[in-house]
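Biologist: Could you take me through one part of this model in detail? I'd like a close look at the protein surface next to the DNA, and then whatever helps to place it in the whole assembly.

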There are 2 protein chains.
Amino acid sequence: MTAEPPVPPTSDTAGEPASDTAGEPAQRRRRDAAETRQLLLDAARQRFARDGYAATTVRDIADDAGVNVALISRYFTSKEGLFEACLRAAGDELRRTTVQTPADRVPETIARHIADPGAAGLSSQLSLLLRSSGDAAADEIRRGVLVRSSEQLAAARGWRPGEPGSEQILLRAQMALAAGIGVAVLRSSIRLDPLSSATEQDLVGPLRDLVDALLPPRES
Amino acid sequence: MTAEPPVPPTSDTAGEPASDTAGEPAQRRRRDAAETRQLLLDAARQRFARDGYAATTVRDIADDAGVNVALISRYFTSKEGLFEACLRAAGDELRRTTVQTPADRVPETIARHIADPGAAGLSSQLSLLLRSSGDAAADEIRRGVLVRSSEQLAAARGWRPGEPGSEQILLRAQMALAAGIGVAVLRSSIRLDPLSSATEQDLVGPLRDLVDALLPPRES
DNA sequence: CGATTAAGTCAACATATGTTTACTTGCGGA
DNA sequence: TCCGCAAGTAAACATATGTTGACTTAATCG
């Protein structure tokens, strides 16, 4: 329950990039634990983000990935373990996406990634962040990701930890994050029109207005 | 599958108000189909909103309501049917809450209701709206509720159906709705601090900024 | 008061699902 | 080339869950 058993070399982003949609990638090496692990991770993230944790079965994930169900238990201990791995990956991806953006460019960056309809995009990662498995460990991971993300966003707009008046800024950053997540879900999972068919061009303006209103670039 | 069988007089908001939290309401008439139906509806909405559809079992709901499991099938045909009834109720409640607010007061109204932590509050109804059962009928109901709500909000800010340039306004209204839902979920389900411990006072300012930025009170 | 009917209970069933165990197969080094 | 071991497979198991049907109990009406 504590030790992750045979776990392959944990190389993120395996050699063969997972094909975007159905159909295995041209030809894959017939036996490659790292790649198989990654295939499972990608399939799981997509399912979990779109359908939620409980509605997703391990057989669904295994079929999507084109591998055997038992490998989920082997590589991730359990369905819970796989979910936690997805959350961790989402956290990494989120950090990788938004870190080192010039601070005043943050809203556009977010907007551009939210607009991306791809299954591997940030939109999918954001949706994942409000899925819950009921497991305490997973909840803790998700909370950590959300806290870090909102702090990062808040820091770009003048928030400093502990500084008395600036707690407001963190609160507003969390609301901006919540808004982004809400938009992502209504777009990709619920498919509400015209929101879901809006292009990046359509979204970037309103999203900038939203973020700037919550987190004014200058003083609060 | 099409006819809702014995269905009692469908009196909404039964005589005995459902107790807010655990513990049956003082004394209830021992056999009252309408009240039982309402108890189930309340318990189900709460569970569905907090935990999602698949993660909620009919036995959970029945236990919360203090009634027998079989009554769910009797009164709502199936778990799906109960979920659809919850969505319909959320739609009614949402309409009832936001209709006939002076248009410029909409953000405060929404803010005040989102801030309400009560299980019966609008916050719970909003959270419910992004839960999915995978069933097409339920999806259609939810889409209808979301469309009506966003159109109502958009209309308060100058949107007129079909009018060419005003499609923008509808899009922005949907983003505002998405933001509200995101905030509600992060507050009540995910419990992200400091967002989840913020008071109505803390929320109303940022929320007004958010709505006004997306939907300027005057011209677009 | 007695019978009729609706409201509620109980137990069982069929199935879906997470997980494990024993087995097979292909890869890589000696 | 051959052997050992990791990678993958298949089938079975235990359990949880939605639903049903037969039964019991309390209201209501004559």
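**Around the DNA strands**

Modeller: Let's begin with DNA strand D: 21 residues sit around it, and the nearest of them are A:Ala33, A:Asn68, A:Ala70, B:Arg30 and B:Ser78. Keep in mind that this is a predicted model. Both chains feed into that surface: chain A gives at least two residues from each of α1 (33–51) and α3 (70–76), while chain B does so from each of α2 (58–65), α3 (70–76) and α4 (79–98). Sorted by class, the surface near DNA strand D has nine nonpolar, five polar and seven charged residues.

Now hop over to DNA strand C. Here 21 residues surround the strand, with A:Thr57, A:Ser78, B:Ala33, B:Asn68 and B:Ala70 the closest. For this surface, two or more residues come from each of α2 (58–65), α3 and α4 (79–98) in chain A, and from each of α1 (33–51) and α3 in chain B. The class split near DNA strand C reads nine nonpolar, five polar and seven charged.

Two of the chain B helices are worth a look as a pair. α1(B) and α4(B) pack with their axes 9 Å apart, at an angle of about 85°. An angle from 65 to 115 degrees counts as roughly perpendicular, so that is the label for α1(B) against α4(B). On the α1(B) side, the contact uses B:Leu40, B:Leu41, B:Ala44, B:Arg45 and B:Phe48; these meet B:Leu82, B:Phe83, B:Ala85, B:Cys86 and B:Ala89 of α4(B). By class, that contact comes out as nine nonpolar, no polar and one charged.

Next, how the chains meet each other. Chain A and chain B each put 34 residues into their contact. On the chain B side, α7 (136–155), α8 (167–188) and α9 (200–214) each supply at least two residues. α8(B) has the largest share there, with 13 residues. The side of chain B that touches chain A holds 22 nonpolar, six polar and six charged residues.

Last, the symmetry. A turn of 180° with a shift of 0.0 Å along the axis lays chain B on chain A with an RMSD of 0.0 Å. The two copies are therefore related as by a two-fold rotation axis. Within chain B, B:Ala179 has the C-alpha nearest that axis, at 1.9 Å. Both copies use the same surface, too: 100% of the chain B contact residues recur in chain A.

Methods:
Residues numbered from 1 in each chain as written. Chains lettered and ligands numbered in written order. Predicted model: local features only at pLDDT ≥ 70, side-chain atom pairs only at ≥ 80, totals over all residues. Near = placed C-beta within 6 Å. Helix = DSSP H or I, 4+ residues; strand = E, 2+ residues; numbered from the N terminus. Nonpolar A, V, L, I, M, F, W, Y, C, P; charged D, E, K, R; others polar. Axes fitted to C-alpha atoms, helices over the stretch in contact; angles between N-to-C directions. Parallel < 35°, antiparallel > 145°, perpendicular 65-115°, else oblique. Contact = placed C-beta atoms within 7 Å. Least-squares fit on C-alpha atoms with pLDDT ≥ 70 in both.
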